[in-house]
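Visitor: I am new to this structure and should like to understand the terms used to describe it. Could you guide me through them?

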Amino acid sequence: MKSFKKIFSFFLFSFLAGFLWWILLLFNTFPKKYYPINPSHFSENIGIVVLTGGKNRIEKGVDLLSKGYGVKLLISGVFMPSEIEAKFSLEKEKSQLFRCCVFFDQRSKNTLENAHEVDKWLKENKDIKSIILVSSYYHLPRGIMIFEKKIKSKVKIYPKPAFQNINFRNQFFFHLRLISSEYLKLIYTIIFIR
C-alpha cells in the first residue's frame with residue numbers, strides 16, 4: 001500500500017510540475033521567444049498557414065497576408081470557403097487576395113491532419129521556404145511540435161497567435177479549461193506522436 005501511495009504521489013507531483021512548466025511556457029517563454037514578427041526578417045518566400053477551430057484565426061491570417069507578411073495563405077480545417085470569401089468580399093483589396101493567393105484545405109479535422117495537408121501544400125508550392133503558423137495561443141506550442149515532427153519539407157516556422165492580448169479575468173475558467181485540455185493533448189503528443 002505504501003509503494004502505491006509513493007507511485008501515485010510521484011505521478012501526481014510530475015503531472016502538476018509539468019502543468020506549471022506548461023503555464024510558464026505559454027505565458028512567459030513562448031511570447032518572448034516566438035511571437036514577435038518583424039517583416040524585415042522575411043523574404044518573399046513566406047507562406048501563412050491558418051489552423052481553423054478558434055476565434056479570430058482566419059481574420060489574423062488574412063490580415064497578415066494583406067499587410068504583406070506572406071505571399072500565399074493556406075486555410076486548413078473544416079469550414080466553408082464560400083462563407084470565408086463572402087466575409088471579406090466587401091473589402092476590395094482582400095477580395096483580390098482571395099482570387100490570387102488564398103488556398104483552402106477542407107480535409108483536416110485535427111492538428112495531425114493539418115500537418116499532413118500543409119506538407120502536401122508545401123510540396124506543390126516549392127517557392128515557400130518558411131511559414132507563419134496562425135492559431136490560438138494555447139494551441140501553438142503543440143501545433144509547432146506536430147509540424148516539426150510531421151512536415152518533411154524543411155521550412156522555418158514562425159508562430160503567431162490569433163489574439164496577442166487576452167483578458168483572462170473575464171473568462172478565467174474558460175481559459176483554464178482550454179489550457180488544461182491542451183496540456184493533456186501535449187502529453188499525448190510528446191509520448192505517442194513520432
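Guide: Let us begin with a contact between two helices of this predicted model. Arg-142, Met-145, Ile-146 and Lys-149 in H6 meet Glu-182, Lys-185, Leu-186, Thr-189 and Ile-190 in H7. Sorted by class, the residues of this contact are 4 nonpolar, 1 polar and 4 charged.

Visitor: What makes H6 roughly parallel to H7?

Guide: The axes of H6 and H7 cross at roughly 20° and come within 10 Å. Angles under 35 degrees count as roughly parallel, and therefore H6 is described as roughly parallel to H7. The crossing of H6 and H7 is left-handed.

Visitor: Why are H5 and H6 called oblique to each other?

Guide: Helix H5 covers residues 111-124 and helix H6 covers residues 140-150; their axes cross at roughly 50° and come within 9 Å. Roughly parallel requires an angle under 35 degrees, and roughly perpendicular one of 65 to 115. The angle of roughly 50° belongs to neither class, and H5 and H6 are therefore oblique to each other. The crossing of H5 with H6 is right-handed.

Visitor: Which residues of H5 and H6 meet?

Guide: From H5 come Thr-111, Leu-112, Asn-114, Ala-115, Val-118 and Asp-119, and from H6 come Arg-142, Gly-143, Ile-146, Phe-147 and Lys-150. These residues divide into 5 nonpolar, 3 polar and 3 charged. Arg-142 and Ile-146 of H6 appear here and also in the contact with H7.

Visitor: How do you know that Glu-182 is buried?

Guide: Glu-182 has a relative accessible area of 3%. Buried means under 20%, so Glu-182 is buried. Glu-182 is placed in helix H7, residues 172-192. Setting aside residues up to four places away in sequence, Glu-182 touches Trp-22, Tyr-138, His-139 and Arg-142.

Visitor: Why is Leu-97 called buried?

Guide: The relative accessible area of Leu-97 is 15%. The cut-off is again under 20%, so Leu-97 counts as buried. Leu-97 lies in helix H4, which spans residues 92-100. Apart from neighbours within four places in sequence, Leu-97 is in contact with Leu-65, Ser-66 and Val-102. The C-alpha atoms of Leu-97 and Lys-72 are separated by 8.8 Å, the two residues being 25 apart along the chain.

Visitor: How do you know that a disulfide joins Cys-100 to Cys-101?

Guide: A disulfide is a covalent bond between the sulfur atoms of two cysteines. The sulfur atoms of Cys-100 and Cys-101 are 2.2 Å apart. The pair must lie within 2.5 Å, and so Cys-100 and Cys-101 are assigned a disulfide. A search of the whole structure finds 1 disulfide.

Visitor: What makes this disulfide left-handed?

Guide: The torsion about the S-S bond of Cys-100 and Cys-101 is about -80°, so the disulfide is left-handed. Cys-101 has a relative accessible area of 13% and is buried, since buried means under 20%.

Visitor: How many helices and strands does the chain have, and in what pattern do they follow along the sequence?

Guide: The chain has 7 helices and 5 strands. Along the sequence the pattern is α-β-α-β-α-α-β-α-β-α-β-α. Of the 194 residues of the chain, 45% count as buried. The C-alpha atoms fill a box of roughly 70 × 40 × 35 Å along the principal axes. Among contacts between residues at least 6 apart in sequence, 79% join residues at least 24 apart.

Conventions. Residues are numbered from 1 along each chain as its sequence is written. This is a predicted model: local features need pLDDT of at least 70, side-chain atom pairs count only at pLDDT 80 or more; totals for chains, interfaces and linings use all residues. Side-chain values use heavy atoms; hydrogens and water are left out. Axes are lines fitted to C-alpha atoms, for helices over the stretch in contact, and angles run from 0 to 180 degrees between N-to-C directions. Helices (H or I, at least four residues) and strands (E, at least two) are DSSP runs, numbered from the N terminus. Angles under 35 degrees count as roughly parallel, over 145 as roughly antiparallel, 65 to 115 as roughly perpendicular and the rest as oblique. A crossing is left-handed if the near helix is turned anticlockwise from the far one by less than a right angle, and right-handed if clockwise. Contact means heavy atoms within 4.5 Å. Ala, Val, Leu, Ile, Met, Phe, Trp, Tyr, Cys and Pro count as nonpolar, Asp, Glu, Lys and Arg as charged, and the others, Gly among them, as polar. Buried means under 20% relative accessible area, exposed over 50%, partly exposed in between (1.4 Å probe, protein chains only).
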